[in-house]
Amino acid sequence: MSYNNDEVRGVLIQSGNERLLLPNATIAEVMSRVKIEPLPDVPAWLVGRIGWHGWQVPLVAFADLAGYGHDPVERQSKVVVLKAQSERPELPYVALLTSSFPQLISVPRDGLLADASEETLPRGVHMRVLLGEQSALLPDLETVEAAAAAALAEAGALQPA
């Protein structure tokens, strides 16, 4: 399979009624049927933690965090483990909850257009983009990671590196 430098490879995941476009390079693993450890005294958008390769990874319901919907934890829910974008040694990964399998896509660099129709964007959203006739949200992963770290620290559940 050849790779075209004029394309950006991404992954679309469902979050509430929206789709998130994630850079393919940030995805560490996609899992289903994951045991979730609930955490006391954390916001509802922080669903809990999952064990992954020796790490306790916070699981975020992005739609709940952003305030545009609800990502229920259901039997068929999937978990997308992401490599952290920030330099927090105690939080090298964060996971997002999704209701379906992610979709790998290639987007022409000139085909990814910013949608400026919204004056204010939800918390944790960098921008809305148009992919042809459809739209997707580009999450601000550093904001998501900072929110998860702060919620874990406040609950006394942030593990040192």
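## Notebook: folds, cores and two odd loops

I began with contacts in this predicted model. Counting pairs in the protein chain at least 6 apart in sequence, I found that 59% of the contacts join residues at least 24 apart.

**Entry: layout.** I then listed the secondary structure and got two helices and twelve strands for the protein chain. Reading along the sequence, I wrote down the pattern as β-β-β-β-β-β-α-β-β-β-β-β-β-α. Next I looked up the radius of gyration, which is 16 Å; the globule rule gives 15 Å for 161 residues, so the chain is as compact as a globular protein of that length. For the C-alpha trace I noted spans of about 45 × 40 × 35 Å along the principal axes.

**Entry: burial and surface.** How much of the protein chain is buried? I got 43% of the 161 residues. The exposed area of the chain comes to about 8800 Å², and carbon and sulfur atoms supply 49% of that. I also checked the charges: there are 12 positive and 20 negative ones, and their mean positions lie 9 Å apart.

**Entry: the cores.** I turned to the largest nonpolar core and found 30 residues in it, with Val60, Phe62, Leu82 and Leu96 having the most contacts inside. Which elements give two or more residues to this core? My list reads β1 (7–15), β2 (18–23), α1 (62–66), β7 (78–83), β8 (93–98) and α2 (141–154). Of these, α2 gives the most, with seven residues.

I picked Leu82 for a closer look. Leaving out residues up to four places away in sequence, I saw that Leu82 touches Leu22, Thr26, Ile27, Ala28, Pro92, Tyr93, Val94, Leu96 and Leu141. There is also a second, separate core of eleven residues, and Val57, Ala61, Val79 and Leu97 are among them.

**Entry: positive phi.** I flagged two residues for their backbone angles. Asp41 has a phi near 60°, which is positive although the residue is not glycine. I placed Asp41 in the loop between β4 (36–37) and β5 (46–52). Is Asp41 buried or exposed? Its relative accessible area is 71%, and exposed means over 50%, so Asp41 is exposed.

His53 went on the list too: its phi is near 50°, again a positive value in a residue other than glycine. I found His53 in the loop between β5 and β6 (55–60). With a relative accessibility of 63%, His53 also counts as exposed.

Key: Residues are numbered from 1 along each chain as its sequence is written. This is a predicted model: local features need pLDDT of at least 70, side-chain atom pairs count only at pLDDT 80 or more; totals for chains, interfaces and linings use all residues. Side-chain values use heavy atoms; hydrogens and water are left out. A nonpolar core is a set of buried Ala, Val, Leu, Ile, Met, Phe, Trp, Tyr and Cys residues joined through side-chain atoms within 4.5 Å. Buried means under 20% relative accessible area, exposed over 50%, partly exposed in between (1.4 Å probe, protein chains only). Helices (H or I, at least four residues) and strands (E, at least two) are DSSP runs, numbered from the N terminus. Contact means heavy atoms within 4.5 Å. The radius of gyration is taken over C-alpha atoms; the globule rule is 2.2 Å times the number of residues to the power 0.38. Accessible areas come from the Shrake-Rupley method with a 1.4 Å probe; for residues, only the protein chains shown count as cover. Lys and Arg count as positive and Asp and Glu as negative; His and the chain ends are not counted. The place of a charge is taken as NZ of Lys, CZ of Arg, CG of Asp or CD of Glu.
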